[in-house]
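User: I should like to understand the reasoning behind several descriptions of this structure. Please set each value against its criterion.

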Amino acid sequence: MTSRREMLRALGGIAALEFVGAFGVEELIAVGRRAHALADLRRSGAPGTSPRALTPAQHEMVVQAAERIIPRTDTPGATDAAVADFIDIMLADWYSPGERERFTTGLSELDARARSLAGGGRSFAQSTERQQIAVLETLDGELQVRRQSGAAGANDHWFATLKHLTVWGYYTSRPGIVEELRVELIPGRYDGNAKY
Amino acid sequence: MQSIERDYDAIVVGSGITGGWAAKELCERGLRTLVLEAGRDIDPQRDYTEHVPPWEMRFRGLGNRREVEARQQVQRRSVSFDELSHVFWTDDVDNPYSTPSDKPFDWLRARQVGGKSIIWGRQVYRWSDLDFEANLRDGIGVDWPIRYADIAPWYDHVERFIGVSGEALALPHLPDGPYQPPMELNCVEAAVRDRLHGHFDSARRMTIGRVAVLTEPLPGRAPCHYCGPCQRGCVTRSYFSSVTASLPAARATGRLTLRPHSIAHTVVYDAKSGRASGVRIIDTRTRTEHEFRSRVVFLCASALESVRILLNSGSPSFPDGLANGSGAVGLGIMDHIKQGGASGVIPGWEDRTTIGSRPNGILIPRFRNLDGGSSAQAFIRGYQFQGGAGRVGWHGRTRDPGLGAPFKARLTELGPWVMSLAGFGEALPRDENRAALHAELRDAWGIPTLHIDVAWSPNELAIYRDMTESAAEMLEAVGAKDIVRRTRPSVPGNANHEMGGARMGRDRRTSVLNGWNQAHEVPNLFVTDGACMTSSACQNPSLTYMALTARAAAHAVDALNRREL
């Protein structure tokens with residue numbers, strides 16, 4: 001068993017030439033995390049805890065829409081994976097102001113569509129799950145039609161962005177990778193013929 | 001000039017894959033060696049991020065788009081560039097260059113201790129005399145001044161130290177080395193290999209890549225634990241880099257001085273002695289100039305940077321650049337033409353998957369023109385394939401229709417097995433493909449930079465077309481469905497196998513370096529990075545650079561000891 005001290009010495013300096021040894025997964029991840037944390041410290045603009053691109057009301061709409069797209073089943077869903085927080089970071093720091101505007105305008109359209117549902121009349125966030133699904137299915141159907149007709153910029157439509165980011169945010173989250181995909185990130189071995 | 005500082009026996013410019021080797025060999029042979037590195041120092045524990053899981057990455061692997069669009073428009077095109085590894089690539093604003101508007105060239109560069117050896121592809125293949133004799137046979141460029149027998153012991157020497165896992169095949173045109181046990185082909189790759197060997201009667205072979213990643217421990221280095229993103233570093237030192245192997249060996253001698261933040265721009269020439277007397281640098285922290293002196297100088301700055309330094313080192317004796325009486329400095333820039341190939345679905349194995357991220361793929365060694373070129377091909381030289389098989393995951397299906405539980409289940413489910421073959425084709429050494437000093441453009445430190453004028457010739461484009469057709473043919477032969485052919489050749493430079501510009505040769509009128517990587521006209525100046533290459537073959541070139549470097553270092557020390565330098 002390698003002690004923590006021995007490991008740090010072995011991994012610490014490039015001058016050291018002693019045998020590194022085989023470390024446990026948690027030890028290896030810890031080294032990577034520490035390196036990343038140090039790198040992060042040198043970076044400005046640490047992620048905030050409250051949404052920055054979205055208003056609290058818009059954030060709540062994204063939480064609910066994402067959960068309808070990737071719901072909790074016997075495994076975690078989009079809410080468990082904090083997908084809306086990832087989408088907020090992307091809108092604040094990755095997309096252009098124009099793209100952000102298109103997205104938030106889209107959220108207003110989402111509300112309008114919920115309100116115009118027969119027997120609805122409530123905002124998207126206050127609609128029932130079934131109503132929310134009906135609105136989103138309509139939007140998804142329209143998106144597929146746009147794509148099939150080869151319409152330019154179909155993937156730039158705000159709903160395409162919402163759906164894409166929901167999927168991306170979910171499957172790159174800890175619950176998405178560990179519990180849903182059940183991928184071992186650092187297995188310590190390669191098996192090219194494993195049972196699926 | 002700020003100062004002229006203490007003397008060394010040797011100066012090595014660059015600490016990447018060749019600079020690290022020059023430092024190791026020169027130090028171990030007794031020389032007090034100064035390594036000048038343009039970038040910062042690297043501490044694996046602080047700087048390596050391969051174990052950061054996706055959910056701890058701010059943009060989940062999509063990269064810091066705004067920063068990258070502002071500062072790394074060229075570097076982002078590397079296959080090894082990602083949200084965390086981007087720190088190992090240069091800043092394109094500080095390090096500009098130009099090309100003709102109709103001839104793009106991707107100059108992919110790294111400035112830090114370790115250079116590109118942190119982010120390299122790690123595939124290592126020997127050349128054979130099929131390659132070293134090619135120019136002579138075809139009457140193209142100049143003849144290599146060496147043959148396989150000259151370099152073979154140095155391939156052994158390098159492979160033993162760096163650690164190469166792979167399979168020996170006894171192919172005359174792809175010689176074997178002292179390999180560690182090979183990594184494993186996955187179940188579909190193994191089946192494809194067997195079908196391929198059956199169909200082509202073993203004239204086309206498939207094997208696991210020969211890769212500088214350990215499957216058995218070496219001193220100070222652990223075997224690979226299959227975590228995947230090698231381009232972000234390797235705290236277990238399982239793949240070879242200067243940072244974790246050759247520079248520590250050099251340091252262990254007590255003779256190494258490593259100076260980061262030191263941009264070498266000029267090799268100083270002493271007309272009286274006819275020798276290089278040292279190197280001038282700009283310290284990027286103080287923006288001051290310094291000059292260091294030594295008995296021997298090794299340029300290991302990367303192919304195009306070494307060309308740039310030679311061209312920037314003009315003097316009354318060498319008005320067109322140091323060691324450039326031939327006018328050949330900057331000529332014959334090459335890169336492998338890549339992205340020719342195809343992929344297809346291999347039906348079956350729905351109940352099998354892989355565990356672990358294997359930092360390696362398959363290799364199909366060259367099978368065209370093995371007789372040297374008398375066959376019926378529309379081109380001379382050849383190509384090899386790399387690639388692999390894997391199951392399609394959610395990444396490719398984020399735009400699928402649907403939502404809710406069934407949508408989630410479909411995304412989570414692994415798709416079919418897809419086998420991909422991606423070619424690397426040999427580029428001919430043509431003097432039209434050249435790098436020259438730009439008349440006005442300077443980098444952030446005021447150093448003249450390069451104008452790079454490189455384009456594919458009809459031979460490379462014919463190779464590209466054949467790569468695509470033969471890949472599709474092989475996939476069809478092994479039972480693949482839905483075969484997709486690649487149709488767009490890579491941009492020159494994008495394979496990051498740029499080479500040439502200070503070629504080796506027998507004749508000082510047509511080449512820059514002799515058979516020992518020694519400048520014909522400046523005997524204590526050696527260039528051992530990719531600039532020295534006289535032709536490109538189709539193998540990934542770093543192994544050959546390392547072997548040539550070790551060989552040149554041994555020669556330099558012998559010559560110094562005989563008082564010939």
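User: What makes β8 (residues 337-346) of chain B and β15(B) paired strands, and in which sense do they pair?

Analyst: This is a predicted model. Strands β8(B) and β15(B) are joined over three bridges, in the antiparallel sense. Pairing requires at least two bridges, so the criterion is met. Within this pair, A342(B) lies opposite R485(B) of β15(B).

User: Why are β3 and β15 of chain B called edge strands?

Analyst: The sheet is open and has six strands, ordered β3-β10-β11-β12-β8-β15 in chain B, with antiparallel pairing. β3 (207-208) and β15 (481-485) of chain B each have a single partner strand, so one side of each has no neighbour in the sheet.

User: Which helices pack on this sheet, and which strands do they touch?

Analyst: Helix α7 (residues 187-199) of chain B touches β8, β10 (362-364), β11 (383-391) and β12 (417-425) of chain B. Its direction makes about 135 degrees with that of β11(B). Helix α11 (residues 458-477) of chain B touches β8, β11, β12 and β15 of chain B. The direction of α11(B) makes about 15 degrees with that of β8(B).

User: Why are α3(A) and α4(A) called oblique to each other?

Analyst: Helix α3 (residues 56-69) and helix α4 (residues 83-93) of chain A pack at an angle of about 125 degrees, with their axes 8 Å apart. Roughly perpendicular covers 65 to 115 degrees and roughly antiparallel begins over 145. The angle of about 125 degrees falls in neither range, and the two helices are therefore oblique. The crossing of α3(A) past α4(A) is right-handed.

User: Which residues make that contact, and what is their character?

Analyst: From α3(A) come H59(A), V62(A), V63(A) and A66(A), while α4(A) supplies V83(A), A84(A), I87(A) and D88(A). Six of the residues in this contact are nonpolar, one is polar and one is charged.

User: How do you know that a strand of chain A pairs with one of chain B?

Analyst: Strand β1 (residues 191-195) of chain A and β9(B) share three bridges, in the antiparallel sense. At least two are required, so these strands count as paired. One of the bridges links K195(A) with R352(B) in β9(B).

User: What makes up the side of chain B that touches chain A?

Analyst: Here 61 residues of chain B are in contact with 58 residues of chain A. On chain B, α2 (44-47), α8 (242-252), β9 (352-355) and α10 (405-412) each supply at least two residues. The largest share, six residues, comes from α8(B). By character, this side of chain B has 29 nonpolar, 16 polar and 16 charged residues.

Note on methods: Residues numbered from 1 in each chain as written. Chains lettered and ligands numbered in written order. Predicted model: local features only at pLDDT ≥ 70, side-chain atom pairs only at ≥ 80, totals over all residues. Axes fitted to C-alpha atoms, helices over the stretch in contact; angles between N-to-C directions. Helix = DSSP H or I, 4+ residues; strand = E, 2+ residues; numbered from the N terminus. Parallel < 35°, antiparallel > 145°, perpendicular 65-115°, else oblique. Left-handed = near helix turned anticlockwise from the far one by under 90°. Contact = placed C-beta atoms within 7 Å. Nonpolar A, V, L, I, M, F, W, Y, C, P; charged D, E, K, R; others polar.
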